[in-house]
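The following exercises ask the reader to work from a structure to short, reasoned descriptions of helix packing, backbone geometry and side-chain environment. Each task is followed by a stepwise solution.

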Amino acid sequence: MAISIRLKRAQDDPADTDGTRVLVDRVWPRGLSKDRLKLDRWLKEVAPSKELRQWFGHDPEKWPEMQRRYRAELKSGEQRRAFEELQDLARKGRVTLVFAARDRAHNQAVILKQLLEEELA
C-alpha cells in the first residue's frame with residue numbers, strides 16, 4: 001500500500017477524505033477550537049523546538065538551514081518518538097498533517113511530509 005500524506009493549514013476546512021488528522025505544531029493555533037479542527041491527535045512533541053522555531057521566524061531565506069536543523073532534531077529524544085508515532089499512523093492509512101503557519105511552503109509539516117515519504121518509500 002502506498003502511503004498518503006497530505007498537508008492542511010489549521011484554518012482549512014476538515015474533510016472526510018483527510019484520514020487521520022494530526023496537529024504538528026507545538027502551540028495550539030490561535031482562535032481555533034477543538035471542534036473546528038476535528039483532530040485525531042496533537043503531536044506537539046514532533047514540532048521544532050522553541051529555540052529553532054524562534055530562530056527560523058518563518059524567514060524563507062533561512063529555509064535550507066531550517067530543514068537541516070529540524071531533521072537533526074528529529075533524530076533523538078521526544079521528537080524521534082513522536083516522529084515514529086507519525087510513521088506508524090502513515091503506515092495504517094492516509095494522514096493529514098495540520099499546521100498553523102501562513103506560509104504553506106516553508107513550515108515543519110512540509111519537512112515532516114518529505115521525511116515520512118523518504119523513510120516509508
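**Exercise 1. Helix α3 against helix α5**

Task: Determine the handedness of the crossing of α3 and α5, and describe the contact.

Solution. The coordinates belong to a predicted model.

Step 1. The crossing in which α3 passes α5 is right-handed.

Step 2. On the side of α3, the contact is formed by W63, M66, Q67, Y70 and R71; α5 contributes Q108, V110, I111, L112, Q114, L115 and E118.

Step 3. Sorted by character, the residues of this contact comprise seven nonpolar, three polar and two charged.

Step 4. The two axes come within 11 Å and cross at roughly 55 degrees. Angles from 65 to 115 degrees would count as roughly perpendicular and those under 35 as roughly parallel; α3 and α5 are therefore oblique to each other.

**Exercise 2. Helix α4 against helix α5**

Task: Describe how α4 and α5 pack, giving the angle and the distance between their axes.

Solution.

Step 1. Two packed helices are described by the angle between their axes and by the distance between the axes.

Step 2. Helix α4 spans residues 77-92 and helix α5 residues 108-120; they pack at an angle of about 65 degrees, with axes 11 Å apart.

Step 3. The pair is therefore classed as roughly perpendicular, and the crossing of α4 and α5 is right-handed.

Step 4. From α4, the contact draws on R80, F83, L86, Q87, A90 and R91, and from α5 on L112, L115, L116, E119 and L120. Seven nonpolar, one polar and three charged residues make up the contact of α4 with α5.

**Exercise 3. Phi at K38 and H58**

Task: State what is noteworthy about phi at K38 and at H58, and locate each residue.

Solution.

Step 1. Most residues other than glycine have a negative phi.

Step 2. K38 is not a glycine, yet has a positive phi of about 50 degrees. K38 is located in the loop between α1 (34-37) and β3 (41-42). With a relative accessibility of 53%, K38 counts as exposed, the cut-off being over 50%.

Step 3. H58, likewise not a glycine, has a positive phi of about 60 degrees. H58 belongs to the loop between α2 (50-56) and α3 (63-73). Its relative accessible area is 42%, so H58 is partly exposed.

**Exercise 4. The surroundings of N107**

Task: Establish whether N107 is buried or exposed, and which polar contacts its side chain makes.

Solution.

Step 1. N107 sits in the loop between β4 (95-99) and α5.

Step 2. The relative accessibility of N107 is 1%, so N107 counts as buried.

Step 3. A polar atom of the N107 side chain lies 2.9 Å from the backbone oxygen of D103. The N107 side chain also reaches the backbone nitrogen of A109, at 2.8 Å.

Step 4. Apart from neighbours within four places in sequence, N107 contacts W63, F99 and A101.

**Exercise 5. A lysine in a strand**

Task: Classify K8 as buried or exposed, and identify its side-chain polar contact with D18.

Solution.

Step 1. K8 is part of strand β1 (residues 5-9).

Step 2. Buried means under 20% relative accessible area; K8 has 15% and is therefore buried.

Step 3. The K8 side chain makes a polar contact of 3.0 Å with the side chain of D18.

Step 4. Residues up to four places away in sequence aside, K8 touches D13, P14, A15, D18, R21, T96, L97, V98 and F99.

Key. Residues numbered from 1 in each chain as written. Predicted model: local features only at pLDDT ≥ 70, side-chain atom pairs only at ≥ 80, totals over all residues. Heavy atoms only, no water. Helix = DSSP H or I, 4+ residues; strand = E, 2+ residues; numbered from the N terminus. Buried < 20%, exposed > 50% of the residue type's maximum accessible area, 1.4 Å probe, protein only. Polar contact = N/O pair within 3.5 Å; in protein donor to acceptor, adjacent residues only side chain to side chain. Contact = heavy atoms within 4.5 Å. Axes fitted to C-alpha atoms, helices over the stretch in contact; angles between N-to-C directions. Parallel < 35°, antiparallel > 145°, perpendicular 65-115°, else oblique. Left-handed = near helix turned anticlockwise from the far one by under 90°. Nonpolar A, V, L, I, M, F, W, Y, C, P; charged D, E, K, R; others polar.
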